Amino acid sequence: MASATDARYGQKESSDQNFDYMFKILIIGNSSVGKTSFLFRYADDSFTPAFVSTVGIDFKVKTIYRNDKRIKLQIWDTAGQERYRTITTAYYRGAMGFILMYDITNEESFSAVQDWSTQIKTYSWDNAQVLLVGNKCDMEDERIVAAERGRQLAEHLGFEFFEASAKDNINVKQTFERLVDIICEKMSESLDTADPAVTGAKQGPQLTEQPAPPHQDCAC
């Protein structure tokens, strides 16, 4: 869970309203696919090989500039274990983007992508944007899931596709930036619809929110 330092940081971020948009993004997928490492690499540019299972859900905040707009990202790192599913799916509501992740060395995590996709459709708003990410492409010698299989599945599901490595910092920043760009594109198309998920994005982050009842392929 978030540390006291993170809590203080969150309070500071809550009081900072100097931004154009706030996007809530979730990283989902089976346990041990590298979701936490992916988030830490992007938010802090750090990586640790030690695996510590996420308990429930955690988040980090990062502010970026895209198309002359200051965008605050509230990125939620979700637990992959089944016992936390009720907790984590409650956070899907209001998410504007998802990074659906599998491990290229783990067939089971790839097979679960369809189920995770169904959960997004079930629990999130209809226009949430999704990128499919095959993580750990630095482990080419242990690869089980071919890149083409990931690309074909993404095409079937209507998602864009990246292979990435949190360890070697391959396509991490590009993944987040592409997701933000897609969200911005959809927002510009939907401004006249007054969708609450869009209009509410400018109201500032709710960091104490409680859950309610062209890109490159990995060439490792």
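These entries record what I looked up about strand β4 and the strands paired with it, working from a predicted model.

**Burial of β4.** I began with strand β4, residues 97-103, and found that 7 of its 7 residues are buried, so the strand is largely enclosed by the rest of the structure. I then sorted its residues by direction: Gly97, Ile99, Met101 and Asp103 point one way, while Phe98, Leu100 and Tyr102 point the other way, and all of them are buried. Burial here stands for under 20% relative accessible area.

**Neighbours of β4.** Which strands are joined to β4 by bridges? I noted strand β1, residues 21-29, which runs parallel to β4 and is joined to it by 5 bridges; within this pairing Ile27 stands opposite Ile99 of β4. I also noted strand β5, residues 129-135, which is likewise parallel to β4 and connected to it through 7 bridges, with Gly134 of β5 as the bridge partner of Tyr102.

**Following β1.** I turned next to β1, which is mostly covered, since 9 of its 9 residues are buried. From this strand Tyr21, Phe23, Ile25, Ile27 and Gly29 point one way and Met22, Lys24, Leu26 and Ile28 the other way, and I found all of them buried, Lys24 included. Looking for a further partner, I found that β1 pairs with strand β3, residues 69-78, in the parallel sense over 7 bridges.

**Ile27.** I returned to this residue last: Ile27 stands opposite Asp77 in β3, and Ile27 also stands opposite Ile99 in β4.

Conventions: Residues are numbered from 1 along each chain as its sequence is written. This is a predicted model: local features need pLDDT of at least 70, side-chain atom pairs count only at pLDDT 80 or more; totals for chains, interfaces and linings use all residues. Side-chain values use heavy atoms; hydrogens and water are left out. Buried means under 20% relative accessible area, exposed over 50%, partly exposed in between (1.4 Å probe, protein chains only). Helices (H or I, at least four residues) and strands (E, at least two) are DSSP runs, numbered from the N terminus. Two strands pair if DSSP finds at least two bridges between them.
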